[in-house]
Amino acid sequence: MIGKITKGSSFRGCVSYVLGKQDARLLEAEGVLADGIPAVVAGFQAQRMMNPDIRQPVGHISLSYAPEDARRLTDSMMVLLAREYMEKMGIKDTQYIIARHHDQKHPHIHIVYNRIDNNGRTISDRNDRVRNAAVCKEMKEKYGLYFGKGKDRVRTYRLKGEDKIRYEIYHAVKDVLARTCTWSQFVDELARHGIQTTFKYRGKSDVVQGLSFSKDGLTFKASEIDRSFSYSKLDKQLGEGSAIGKDQDRDNRIVDVPGIDRQDLWQHGPDISVVEGLASAVGGLFSPLPEDKDEENRNFACRKKKKKKRGMSL
């Protein structure tokens, strides 16, 4: 289960999209006449005028679920979950519609609600993305809904802009990490993927405090790509400690990496198996094949070394 929240200024545009899509089915309407799109829009607009100064009175939320839950998710169950979700998010005493779409493999519904409630007050959107992630996780646990396997199931070709680059970096780092043994190999391999690795040092010393990855003009802290990619965790696998500072170009030294304020589901470990549709992993898309036998031998030795660290045998 994942919720995607947007806000806007046009009830007509939002309602037309939600109810006008092919095979869309209106499951529930509260506080508006369900006699077609014009009637629904008119009802929303009338209540909106109770507080006309609000620039974005339109609330729109899509709730998506994994295909594994499809058999359980009848229309009535989808409505029950939508109601509970809205209650936990503080969306109450207001107009709303719930519609189901069938244009994707995964079950999903759309909620359109009036951010101007029945008393003319504005429904707060403060920290709504953080609250959304927490509510979705809580409801998944409560109803035993499917927990996705993580970022590997996201179809990166469906993403755009910053999210697309972030996922491309994720897959590249994961792949390169599996077949390199040292920091120098790791950094060089990422460079082949067009990804620059920049180390953050403590003051003017050679002690590394963190690192970031850059691609196509966008920079992310390593831990923002994935918690397992923090410098300390990567260093445990690559095993060279702060000695990386001796080999790294000092021109790459930075004081800090600006934080990114678009955390959404990423920072909070959400189930993203249904982000913009589910599909199988893209594994290896950014991975070059070994160029020669020597490289294959090095990779084999590297894998053997890592398995020995974990107490395994080949």
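Modeller: Before the helix pair is discussed, a definition: axes are lines fitted to C-alpha atoms, for helices over the stretch in contact, and angles run from 0 to 180 degrees between N-to-C directions. The model is a predicted one.

Colleague: At what angle do helix 1 and helix 2 pack, and how far apart are their axes?

Modeller: Helix 1 covers residues 11-20 and helix 2 covers residues 37-48. On the helix 1 side the contact is made by F11, R12, V15, S16, L19 and G20, and on the helix 2 side by I37, V40, V41, F44, Q45 and R48. The angle is about 145°, and the axes are 10 Å apart.

Colleague: Is the crossing of helix 1 and helix 2 left-handed or right-handed?

Modeller: The sense of the crossing depends on which way the near helix is turned from the far one, and a clockwise turn counts as right-handed. Helix 1 passes helix 2 in a crossing that is right-handed.

Colleague: Is N114 buried or exposed?

Modeller: N114 belongs to strand 5, residues 108-114. Among the residues it touches are F11, F44 and R48. The cut-off for buried is under 20% relative accessible area. N114 has 0% relative accessibility and therefore counts as buried.

Colleague: Which side chain makes a polar contact with the side chain of N114?

Modeller: A polar atom of the N114 side chain lies 3.0 Å from the backbone nitrogen of I116. The side-chain partner is at 2.8 Å, and that residue is Q95.

Colleague: Which strands stand at the edges of the sheet with the order 6-7-8?

Modeller: This is an open sheet of three strands with antiparallel pairing. Two of the strands have a single partner strand each, so one side of each is left without a neighbour in the sheet. Neighbouring strands are turned by 30° against each other on average, direction ignored. The edge strands are strand 6 (196-201) and strand 8 (218-221).

Colleague: Which residue of strand 8 is the bridge partner of S214?

Modeller: Strand 7, residues 208-215, pairs with strand 8 in the antiparallel sense over four bridges. The strand 8 partner of S214 is T219.

Colleague: What angle does the direction of helix 8 make with that of strand 7?

Modeller: Helix 8, residues 231-238, packs on the sheet and touches strand 6 and strand 7. Helix 6, residues 183-192, also lies across strand 6 and strand 7, and runs at about 135° to strand 6. For helix 8 and strand 7 the angle is about 95°.

Colleague: How many disulfides does the count come to?

Modeller: C14 counts as buried because its relative accessibility is 13%. C136 is buried as well, at 4%. A disulfide needs two cysteine sulfur atoms within 2.5 Å. By this rule the count is zero.

Key:
Residues numbered from 1 in each chain as written. Predicted model: local features only at pLDDT ≥ 70, side-chain atom pairs only at ≥ 80, totals over all residues. Heavy atoms only, no water. Pairing = 2+ DSSP bridges. Contact = heavy atoms within 4.5 Å. Buried < 20%, exposed > 50% of the residue type's maximum accessible area, 1.4 Å probe, protein only. Polar contact = N/O pair within 3.5 Å; in protein donor to acceptor, adjacent residues only side chain to side chain. Lists of a residue's contacts leave out its neighbours within four places in sequence.
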